[in-house]
Structure formats: C-alpha cells, structure tokens
Amino acid sequence: MSIEYQSLDARVRSAMTHEVDRDQANGVLYLSPRLTEEGVRAWPRILREACEHHDDSWLADTLRSRNLLQAKEQRRLSNGKVSIAQVPNNAAEILAEGEFNRCYARGLCVEVLACGEAEVEVCRGKDVENPRPESQAMIGRRLPASALLDDLRTSQGIEPALGLPKGPNSGLTVRRPTQTHSPRGAVVGR
C-alpha cells in the first residue's frame, strides 16, 4: 500500500526529479546494498521515472518484477561474525517507500521555499498496525523546510537528524501546513 502524498503535484514532481538528478550528478545517489548489479544500473532511471509519473508502489513493483533485489544478504552478528540471510519479503517496499518518500519530502521543501513559505508539516501518510510513540508524537509538528531539505540532502542511507522520515514503515511523510485558526477565528495558512 502506497503512502498518500497529500501535496504531490506537478511542481513537486518536477522538484523531485531535479533532486534525483542533483544526487546523481554529485555522485551521492543512494544505492541500497540490497540491489543487484542490474538494480544498481537501473535504480537512477526507475527512481526518476517513479518521481515523474508514479509512486512508491510502482517503484516497489518494478524492483520485484525486474528482479532488481538480491535474494540473500550478509548480516553482522553481535559476536562480530557474518552470516548469510534471506532478504526480507518486504525489502522492495521498504526501499521504494523510503527513497520515494525522501525524494517527495525534498521536492516539497524545494517547492515550499520557492513559493516563499518556510515550513512543512509532518503527517501520517499511511496507516500502520502498531504506530511507534515517537512517530505519533511527530504528527502535526512543523519543520523548517530549509533545515529538512539540507538534512535529507546530506543523510543518504542513514536516518536523518530531524527524524523524518522516521525509519522504515513509520508511515510518516510531510505536507504543506494545514490551515489553522487564530484566536479570533480567522483562517491562517493554507
């Protein structure tokens, strides 16, 4: 099930593809160690296509249907030894959702800043069975778009300092801030 990206429009999609191109040009596009050799070659193209025309579900389906993920991976055990384990069944969803969501958040931040706005709002984009308390606490929180953009641009492959996205399967994303009411009842914001 795909995340609902409430602020996804043509301008945000354009900014998303620019962010993918930016990372690729700078040699910092995240390449999951779970990708096969063919997956590494195809990833920039299919991620960009997902950003232009599709969503994270399409991206996950493409990873699976084209066999772009490895079946096994190395895992380091607590005793320092390495074991070989099956890649989880939901690896395609985890990679697709996480990276598409990061591109979306970056694209939205670029668009928000271009419109002279300053913040994005954390929201739940997908229902999860057991929401983490730390994820729940973030919902409704407003983040400076420039800080989130910088954080996401410099944290490929690791959890961002601002904590968004909040780890695999959190269901959290961002949107343009929702309307709020001032004490006198006037609508403020979008």
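Reader: Which residues in H3 meet which ones in H4?
Author: In this predicted model, Asp56, Leu59, Ala60, Leu63 and Arg64 in H3 meet Ala92, Glu93, Leu95, Ala96, Glu97 and Phe100 in H4. Contact means heavy atoms within 4.5 Å. By class, that contact has 7 nonpolar, no polar and 4 charged residues. Ala, Val, Leu, Ile, Met, Phe, Trp, Tyr, Cys and Pro count as nonpolar, Asp, Glu, Lys and Arg as charged, and the others, Gly among them, as polar.

Reader: OK, and at what angle do the axes of H3 and H4 cross?
Author: Roughly 140°, and the axes of H3 (residues 56-65) and H4 come within 8 Å. The angle, on a scale from 0 to 180 degrees, is taken between N-to-C directions. H3 and H4 are therefore oblique to each other; under 35 degrees is roughly parallel, over 145 roughly antiparallel, 65 to 115 roughly perpendicular, and the rest oblique.

Reader: What about H2 and H4, how do they cross?
Author: The axes of H2 (residues 37-53) and H4 (residues 91-114) come within 11 Å and cross at roughly 60°. That makes H2 oblique to H4.

Reader: Switching topic: is Asp150 buried or exposed?
Author: Asp150 counts as partly exposed, because its relative accessibility is 46%. Buried means under 20%, exposed over 50%, and partly exposed in between, with a 1.4 Å probe and protein chains only. Asp150 is found in H6 (residues 145-154).

Reader: How far is the Asp150 C-alpha from that of Arg106?
Author: They are separated by 8.7 Å, though the two residues are 44 residues apart along the chain.

Reader: Any ground rules?
Author: Residues are numbered from 1 along each chain as its sequence is written, and side-chain values use heavy atoms, leaving out hydrogens and water. Because the model is predicted, local features need pLDDT of at least 70 and side-chain atom pairs count only at pLDDT 80 or more, while totals for chains, interfaces and linings use all residues.

Conventions. Helices (H or I, at least four residues) and strands (E, at least two) are DSSP runs, numbered from the N terminus.
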